[in-house]
Structure formats: structure tokens, C-alpha cells
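Welcome, and please open your viewer. We will go from the whole chain down to a single turn, and then out to the neighbouring chain.

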Amino acid sequence: MIKVDHIWKSFNRQTVLKDISVEFEKGKNNLIIGQSGSGKTVLLKSIVGLLDIDKGEVKYDDVVYSKLNFKKKKEIRKKIGMLFQGSALFDSSTVEENVIYPLNMFTNMSYEEKRERANFCLNRVNILNANQLYPSEISGGMQKRVAIARAIALNPEYLFCDEPDSGLDPITTLRINNLIKEITEEFNTITIVNTHDMNSVMEFGEKIIFIHMGQKWWEGTNKDILHTENEKLNDFVFANHMAKRLKQIK
Amino acid sequence: MQFFYNFGKYVILLTKVFSKPEKSKIYYKQTLKELINLGVNSIGIVIVISAFTGAVITLQTAYNTENPFYPRYLIGLMARDTIILEFSSTMVGLILAGKIGSNIASEIGTMRITEQIDALEIMGVNSASYLILPKIIASVLFNPLLTMISIAVGVFGGWIAGTVTGVVSSEDYIYGIQFAFIPFYVTYALIKTVFYAFVITSVSSYCGYFVRGGALEVGRSSTKAVVYSCILILLCDVILTQLILS
């Protein structure tokens, strides 16, 4: 379990996260939703330790991760897989080299074993015959899938996805969402996804946290979200005309 | 205040850079890659610039020492000493600051803004050490070789220019470059080169590593890297010359 306990984060004098507490369970798809600039990415980066928090703590299975030094954090980080908003693939390496990279760094596998594992991960995300291509030579959707393949190469216990659907068409978004959902079940990971895509929310939001102006405003499931009385959340969920009309019809 | 803040950050970055590598085999491969990127790929520009500058130094010396009391072999001697003492170490250092420095800052800066450095950190890799240490090692090892090449090509360029234009005979020039030769001058040039290599790679890496923003900021960091490296090279030149030659 990942437990976020009363965390605060500010940049210069602007407070971006205000007293956020939440728990994320194993095998569940946890979604952090909110408008752009609400603090979703800062929250996710604070949880994974890319940003140091000002107050509060982040616990990974009872270990206070936020207070560990780099050396000790490293041990937990080996269990983390992360999909970044822009994929963050190493652009001077091929698709296969990107997936092999964490295996090179942290395992003593032979070259053949590493290639086999990389091919397994790439097949798992339906990337075929693209091993020798560079990230710039493949589409945005493929880049996201390669990034997922790299994230699962070391069998992660925790999977973090920062806006996996950004810049993708609805069909590719659906594919990526299904992939994340399947991987969560298959690897039994704690998955935390940042998104503002309502399709993703309805599709696989087993636990949803709504962030507004750096604060947690609501917590629930994709079933509860349609019946909420929370005004800010309603404004967010039913932002477009079609959604508003559907709600009225309902 | 800003200077002390940046200097502190630079020192902290260097402590991260020189911490124990995760897997030395990977670092070895990276260093070989950087030897080609930063070293071998700079040979061309060093040869071209050194040849022309050697030629110009010889011609300038010849036209400024047109006096029957001065022996003609002085042209070779002065060209040699100028190339060894200042041109091949400092001038080439400044040129490499432009080529390598901007390359390093923009490469690392782009990795920062596209979250590739964050991806390394998340995997548990010491990104500073992984990205910067191989560049420092490669430059510190290869730049002295570039200086040696520059000295040889510069002196040769001077000989070609001198003999083709007829300002000095081949015999006088060759006698001049052998006359009163002090081998320590070469050592001095190489010592300076090692310091410059460290300055160029570490300062440029620092400028790239802490970039925030987008493409514009990467461009700015690249310019900063070249400017700071050049200023520090000239400052090192003064200090090292006083320390070594006094």
C-alpha cells in the first residue's frame, strides 16, 4: 500500500499541494483527476520522490519513503515503473535498447536473456517489428506503449502514469487504458494514473481522487462520480455540452 | 549572492557526479561512446583551425620581424612557442568550449525538459553520474591528444605558409622550430588542457542539468555554457600560467 499522509508542497511562495492524505491499494487502478494546473503532476512526482515534499510523509508499505536518502530510495525505485507524459524514451537509443536499459542497469542477465525479456515486454504491449527503430521514428501511441514496456521490464510493484492519454486519439487512448488495466491485474501492481480524460475515468477508475487548487476535494469510484453533489467535481465531470445533456436526460 | 548559490549547486552536482557508479561496465561503454562524440569528432575542426592559425602566426611573425638584424629562423621559433604556449592549449580550448560545451548543454538540457533525466532517477540511476562522469573522463583523456595534434598541425601549417609565400626558407623554419626547444612547454600546455577539459564538460553539464522550461531555455543554457566555459578557461589560463611558469 502507498500512504500519502498530510503532504504539503510549495514552489517559491506558492503552495501547490495543501494537506493531501490518501491511500492507494494493491491491484487497483487509482486515478488522480483535476483541471490542468490543479497540482496532479506535482502530487504524482511527490509520491514517486522526484520532488521533495515540505511537510507530511509518503509511505510505501510502512517504509517512510519521503524521508529516505537517495541510496535507500534506490531500492524502492527499482520496484517502480513510470510512464511519463511525453513518454521520456531515450532518443539516442532504439526501442529495444530503451526496454533493455533497466535490465542492463539492475540485473546480471546475459545479453540473450535481456533481449528475450525485452521482446516479451514489447510483445505484451503489442509492439512488433519495431525493435531497431528510434523513438522519433514511431508514433506517439507507440512511444507510450514502448514506455510502458520499459516500465514493466523489471516486474514493478508500483506503476505510475502521468497523463498517459495526452496527445492521443480516443481509440489509442482506449488501447493504452486497457493496457494499463491489464498490466495492473497481471502484475498486481499499485497503479496510480494522472488524467483529465473522462473516458479513462469511466473506463477504469476503481478509486478516484479529485484535486482542485492543490487540495483533495473528493474521493470515490467511477460509479459514485456521476451521482456526486460536489459542485466543483460536477463542473469538471460535466464540463462539455454533451455530458451536461446526458446528465439532464438521466 | 547568485554566484554563491550557483557555485554551491555546482559543487553539490560534482559530489553526485563523482559518487560510486552503479555498474562500472555500463560507465565504461558510455565513456567509449563519449570519446568518439566529444573527442574523435573534434579532430577535424582542430586540424582545420590549427593549420590555418599556424600559417597566420608564421606570416604575422615574418612581416613583423622584417629586420636584417633578426635571424630568419626566429620566425620558426616564435611560431612554435606561440603555438605550444598559448594557441594549441587555450585557443583550442576556447574553440572546444564552443563545440563541445554547447553540445553537452543542449543534450543534457533536452534530456531534462523531456523528462528523460526524471526517467533515469525513477529507475534508481544516479543521473548526474551516469550522464556527466563519462563526458568528463572522455574529455580529460582525449583533449591532451587534441592539443598534441593541434601543435603538430599548427607548426606544419606554418611551414607550408612560410615556404609557399617565401617569407622564410624551409631550412630556416625547421632550424627555428628545433632551436632552444624547452620540452616543459609541452607539459605546461597539456596540464592546461586537462584543466580546460574539466571546466568545459563540468560547467556545460551544470548549465544543461538544471534547465527548466522549454526549447528557448535549452538554447539559453547552451549559450551560457559556452560563455561561462570561455571565461573560466581564460581565468584558469592566468592562474595556471602564474603557478606553473613563475
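How many helices and strands does the secondary structure of chain A come to? Colour chain A by secondary structure and you should find nine helices and ten strands. Keep in mind on this tour that the model is predicted.

**Stop 1: the whole of chain A**

Select chain A and zoom out. Along the principal axes, its C-alpha atoms fill a box of roughly 55 × 45 × 30 Å. The radius of gyration of chain A is 19 Å, which agrees with the value near 18 Å for a compact globule because the chain has 250 residues. Of those 250 residues, 42% count as buried. If you display contacts between residues at least 6 apart in sequence, 65% of them join residues at least 24 apart.

**Stop 2: two domains**

Now give each domain its own colour. Select 2-79 together with 156-249 for domain 1 of chain A, and 92-153 for domain 2 of chain A. Taken over C-alpha atoms, the centres of domain 1 and domain 2 of chain A are separated by 26 Å. Where they touch, domain 1 of chain A gives eleven residues to the contact and domain 2 of chain A gives nine. Which helix should you pick on the domain 1 side? Go to helix 6 of chain A, residues 170-187, which brings the largest share of that side with five residues. By class, the domain 1 side has eight nonpolar, two polar and one charged residues.

**Stop 3: strands and a hairpin**

Next, select residues 2-11 and 55-60 of chain A, which are strand 1 and strand 4. These two strands pair in the antiparallel sense over five bridges. Click on A:Ile2 and look across to A:Tyr60 in strand 4 of chain A, which stands opposite. A:Tyr60 also has A:Val63 as its bridge partner in strand 5 of chain A. Add residues 63-64 to show strand 5, which runs antiparallel to strand 4 of chain A and is joined to it by two bridges. Strands 4 and 5 of chain A form a hairpin with two residues between them. In that turn, stop at A:Asp61, whose phi is positive, about 45°.

**Stop 4: chain B**

Finally, show chain B as well. The contact between the chains takes 14 residues from chain A and 13 residues from chain B. On the chain A side, select helix 2 (70-77), strand 6 (80-83) and helix 3 (95-106), which each give two or more residues. Helix 3 of chain A has the largest share of that side, three residues. Coloured by class, the side of chain A that touches chain B shows nine nonpolar, two polar and three charged residues.

Definitions and conventions
Residues numbered from 1 in each chain as written. Chains lettered and ligands numbered in written order. Predicted model: local features only at pLDDT ≥ 70, side-chain atom pairs only at ≥ 80, totals over all residues. Contact = placed C-beta atoms within 7 Å. Helix = DSSP H or I, 4+ residues; strand = E, 2+ residues; numbered from the N terminus. Nonpolar A, V, L, I, M, F, W, Y, C, P; charged D, E, K, R; others polar. Rg over C-alpha atoms; globule rule 2.2 N^0.38 Å. Buried ≥ 20, exposed ≤ 12 C-beta atoms within 10 Å, placed from the backbone. Domains from an automatic or database assignment. Pairing = 2+ DSSP bridges.
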